[in-house]
Every structure is written in C-alpha cells, then in structure tokens.
Amino acid sequence: MLEYKRNSCNSNGLAAWAVLLALAVSLAIPAMAASKKKVAPADTTKLSDQRTKAYFDISKIIWPNPPAIARVKFMDLFTGEKVDPNLFAKEKAKPKAKWMDRLAGAQSAEQIDTSKLPFQLIRTYGLAVDSKGKIYAADQGVGAIFVFDMETKSVELIGNGRQANFGLVMGVAVDDNDSVFISDSKMHRVLVLNAKREQIASIGMDILANPGGLAIDTENRLLYIVDTGNDVVDVFDADSFKLLRKIGKPSRKHDQTEPGNFSLPTNVAVDREGNVYVTDTFNDRVQIFDADGGFISTFGKNGDGPADFERPKGIAVDGDGHIWVVDSAQDRVKVFNREGRLLIYFGQHGELPGRFMGAYGIAIDKRNRVFVSETFPGRVQAFRYVSDAEAEAEKARREGAAQKSADAAAPGQKPASVSAPEQKSVTQQPQTGDVKAAKDSVAH
C-alpha cells in the first residue's frame, strides 16, 4: 500500500512537470518569432540636419489649398553654414590636465575650437538676390551678410573685419553687375562692394541718420535708401553715389501722417517701370511714387485683419506687378494689386515651414522665387510664386483634361467631371492657406 502511494505521487509529479514544460515551450515560440522580426531602423538624422530637415512632403505646403490652383509653394529654408557633427566629437583620451595647467589656461582635450564653429543666422533683416540667383541676407546678430546658393547648398559670408567693417547691418541690395550695397544703421552709411567683394565706396555718412531698406533701379541706375531716422527716402546716383533728391519731408518727430510723407519708414521696392513702393511703418500703410518721386497713391490702415497692417516692413514687387508686403506683427506675407486690394496672404506665428517668427524682409528674383527673412530665430524661407500666365496655363490644362474625360464617357453615362476644379487665383478672394496637416506630422 505504501509503495502504491509512492508510485502514485511520482506519476503525479511527472505529470505536473510535463504541463510546466509544455507551457514554457508555448510561451517561447512567440517570443522567438517576435525576435526574428525586423527591428525598425533607428533615426539616422544628424544633429546638424534637425533644424532644417522636413518630416513630411513639403510639396504639400501651398496656397491656396487644393483643389484651387496653387499660387505660392514652399521650397526650402536656410539657417546658416552647414554644421559638421565631427566638430563636436571628442578626441582620443589624453592624460588629464593637472590643476596647474588648467590654472595657466591650457586647452582641455574636450574643449572645442570655437574658431571652427559654423556661423548660424541669429537676427536676419534685409534680403537681396544677385544675377546668379544667390540670396544675400543681412544678419545683425552675426554682423555679416550670408550668401546662400540654393543649387549647391553652399554658404559664403561677407563678414565684419573681413571684406568690410560693420556696426549694425540692416539692408542689402545687389545691382545687375553684382555690386553689393549694405546699409549700416550704427555707422550711418551705406557700403558698396564690387562683384569681387572689395569695398569701393561709402555713402551718406554726412546725410543719413538711420539707413534701413535699400532698392536698386537698374534701368535708371538709381539707389533708394530708406532713412528711417529722418523719415525720408534718399535717392542717389548708383554710379557716382551723389544725392539726387529726397522723397518725403525730413522729420525726426515721426508724427507725419499726410500722404507723401512718412513716419518711421523701413523698406522700399522698385518695379519695372521705375515706380517706388515704401512701407510707411508707423502709419501702417504703403505709399507709391513715380520714378521722379511724385506721389501716386497709398493704401493700408491699422488693424489685425488680413487686409490691414500692424507693422508693415519688407516689400517687393513681382513680375506681374503684384505688391508683396511682410507684416512683422502678424507674421504674414500679403499680396496686393496696385489699387491696394488684398489678393492672397499666407503665414502665421510659428516655427513650421510656411510660418514665421518675426518676419521682416522679402525679395523676389527673376525666376519668381520669393525669399522671406525672420528675426526670431534667424532664418530665410524660400517660396515659389506661380505667375498669372502659369496659372492660366494650368487652368486651361485642367479644363482640357475635364473635357476629354467628359467626351470619353460612355453614351448615357453621366461624366464624373465636366469642368476643371474651381480656380482660386491670386486675383480672387484671399486664402489663408494654413498648413494644418503639417502641424500634426512634423516633429520640430
């Protein structure tokens, strides 16, 4: 009897062990299968690229929103010289410096050579484009003019103490000979460099109080300098550098409101006919003059609406004659016709592409590329303006495709579409173009 009980206990124990073994095997198989699955690749984005890398399809950033024909497309953004992560790599271990060496100022093995660090935009103001399509950005924080090449992605610097001496750079302009004009509000002058970046002249030290925005009339060889401190626009001969005339009545009280005069003007632009456009910032308006300085018209008023101004700063004119104005307070870029009617606008406060933080300057090149500078933090964004002719061609293409689709439909079958999507052109009602989808998909 005792032996029977002992055998019974042994058989029960073996059964229990068998159950545990089967359970262990059943749990191990899924784990082994999971381990064979491919591991998701780690994010290989370099630290140097995190400020500029887009985490979504930037071709989707357009204004107005589909299905309307796009009139403004985001292209790229620039933040400064390329950052080489190897600069921050620690060198091989070296003997630890003694306290006497540290006291004497000996360089530590882990210390980074700051002279080799790349320059980054900090506070970016004036913008210009040369004959080769390179972008010139005046940055007060660095005290230099950054020169960006969109094709090669290279960056050059016209630096303080190198090609010239700067106090506080503000505006920049480039003529068709690639001579560079740089306004310096601290030294009360405009420096002129030739195409080789050699200084050839200094303008206005005995005239200018606080020079800001610049513009070149390449046809008539005129240099327009906004003197914010004197509430005027000075007109110089772009070759002899002689003062020809002033637009507006000089004043340092900044209280002039009558048309033709200014209160803290900041920037200026010139169109193909030589007409002059000035952002009269403290009066929240844009004033237009002819090539001789005669007053033509004005538009704009104070307000927080899309068609209003709070702090108009940068201004440019595209090939179709539309007037692009940067509203620094609203962080918006607004496009008007000559009568002052708002056609389209884009932007808002934010750091995502297509949004701005302290938007200031604007420039448009012959290829319909639009560049906008920001001051907090320093950055330059590039956009593509779709011209009126291109928009009309796209409209015709869509209508032709819709008609072809209708003709190909089976007899008696209702065509899916018999007309092109409605066009929201730059001459129709304004669109905000807020890139809401990007907000949820970007890790910035």
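How do the residues of the lining of the largest pocket divide into nonpolar, polar and charged? In this predicted model, the lining comprises 20 nonpolar, twelve polar and 14 charged residues.

The largest pocket is a good place to begin a tour of the structure. Its volume is about 1,300 Å³, and 46 residues line it. Those closest to the pocket centre are Ile216, Val270, Val317, Ile364 and Asp365. Six strands each give two or more residues to the lining, namely β3 (124-129), β7 (169-174), β11 (211-217), β15 (265-270), β19 (312-317) and β23 (359-364). For readers who wish to reproduce such a search, rolling a probe the size of a water molecule over the atoms shows where empty space is left.

Two of these lining strands, β11 and β19, can be followed outward into their sheets. As a reminder, strands of a sheet pair through backbone hydrogen bonds, either parallel or antiparallel. Strand β11 belongs to an open sheet of four strands with the order β11-β12-β13-β14, and the pairing there is antiparallel. Because β11 and β14 (243-247) each have a single partner strand, they stand at the edges of the sheet, and one side of each is left without a neighbour in it. On average, neighbouring strands of this sheet are turned by 20° against each other, with direction ignored. The contact between β11 and β12 (residues 222-227) is antiparallel and consists of five bridges. Within it, Ile216 has Leu223 of β12 as its bridge partner; Ile216 is also among the residues closest to the centre of the largest pocket.

Strand β19 leads into an open sheet of four strands, ordered β19-β20-β21-β22 and paired in the antiparallel sense. Here β19 and β22 (342-346) are the edge strands, each pairing on one side only. The average turn between neighbouring strands of this sheet is 20°, again with direction ignored. Strand β19 runs antiparallel to β20 (residues 323-327), and four bridges join the two. In this pairing, Pro312 faces Asp327 of β20.

A further strand, β5 (residues 144-148), offers a neat view of burial. Five of its five residues are buried, leaving the strand mostly covered. In a regular strand the side chains alternate between the two faces of the sheet. In β5, Ala144, Phe146 and Phe148 point one way while Ile145 and Val147 point the other way, and all are buried.

Strand β5 also has a partner on the side of β4 and another in β6. Five bridges connect β4 (residues 135-139) to β5 in an antiparallel arrangement, in which Asp139 stands opposite Ala144. The hairpin of β4 and β5 has four residues between the strands, and Gly143 adopts a positive phi near 75° there. Strand β6 (residues 155-159) is likewise antiparallel to β5 and joined to it by five bridges, with Gly159 of β6 as the bridge partner of Ala144. In the hairpin of β5 and β6, six residues lie between the strands, and Lys153 takes a positive phi near 65°.

Aromatic contacts complete the picture. The structure holds 16 aromatic pairs. One aromatic cluster is formed by Trp63, Phe74, Trp324, Phe346, Phe356, Phe383 and Tyr385. For anyone inspecting individual contacts, a pair of aromatic rings is described by the distance of the centres and the angle of the planes.

Key
Residues numbered from 1 in each chain as written. Predicted model: local features only at pLDDT ≥ 70, side-chain atom pairs only at ≥ 80, totals over all residues. Heavy atoms only, no water. 1 Å grid on protein atoms, 1.4 Å probe; cavity = no way out; pocket = protein on both sides within 12 Å on 5 of 7 lines; lining within 4 Å. Points joined across faces, edges and corners; volume = space filled by probe spheres on them. Nonpolar A, V, L, I, M, F, W, Y, C, P; charged D, E, K, R; others polar. Phe/Tyr/Trp six-rings, centres within 6.5 Å; stacked < 30°, edge-to-face > 60°. Pairing = 2+ DSSP bridges. Axes fitted to C-alpha atoms, helices over the stretch in contact; angles between N-to-C directions. Buried < 20%, exposed > 50% of the residue type's maximum accessible area, 1.4 Å probe, protein only.
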